[in-house]
Amino acid sequence: MTNTVTELRAFLLADAGILALVVDRVYSDVLSQGKPSPSIVMTLIDGDSIYSTTGLSGLGRVKVQLDVYADTPGNRYTLAELVRLRMAAYVGIIGAGYAQGIFLDASRDMYDDAAKQYRRSLDFSVWNEETTT
């Protein structure tokens, strides 16, 4: 994937259930004060290329954190579950790239005092093809 955050945003919004809840409220890195909920914030945590004894293998891994915000615990759960079902174990085209597999690594619930919203944070590993030249 060439632009992970942009391509994942489009991938999430292509799901009718997610789109119905968030409309276009999928942000990169920061949820600004006063934004309506529910919403999703995506943060690129890290990424690396996988090497073999002959150099680049053509496989890369990107770790992305998706934070789901909602006004109630129930709404948080509903949106987080839609995101989990869309992402987890997906194999296929995302944007201009091809995902070899997406895996949920961790999730945690919390309340965000600054945003006054319930939050679930989901960490995904996205294994993708990458160019070797």
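**Helix packing and the largest pocket**

In this predicted model, helix α1, spanning residues 4-13, packs against helix α3, residues 73-87, at an angle of about 110 degrees, and their axes lie 10 Å apart. Angles of 65 to 115 degrees count as roughly perpendicular, and α1 and α3 are therefore roughly perpendicular to each other. The crossing that α1 and α3 form is right-handed.

The contact itself can be followed residue by residue. From α1, the residues L8, F11 and L12 take part, and they meet V83, R86 and M87 of α3. By class, the residues of this contact comprise five nonpolar and one charged, with no polar residue. The charged one is R86, because Arg counts as charged.

Attention may now turn to the empty space in the model. The largest pocket holds about 160 Å³ of space. Its lining consists of 14 residues, and those nearest the centre of the pocket are L31, S32, Q33, A114 and A115. Sorted by class, the lining of the largest pocket contains six nonpolar, four polar and four charged residues.

Note on methods:
Residues numbered from 1 in each chain as written. Predicted model: local features only at pLDDT ≥ 70, side-chain atom pairs only at ≥ 80, totals over all residues. Heavy atoms only, no water. Axes fitted to C-alpha atoms, helices over the stretch in contact; angles between N-to-C directions. Helix = DSSP H or I, 4+ residues; strand = E, 2+ residues; numbered from the N terminus. Parallel < 35°, antiparallel > 145°, perpendicular 65-115°, else oblique. Left-handed = near helix turned anticlockwise from the far one by under 90°. Contact = heavy atoms within 4.5 Å. 1 Å grid on protein atoms, 1.4 Å probe; cavity = no way out; pocket = protein on both sides within 12 Å on 5 of 7 lines; lining within 4 Å. Points joined across faces, edges and corners; volume = space filled by probe spheres on them.
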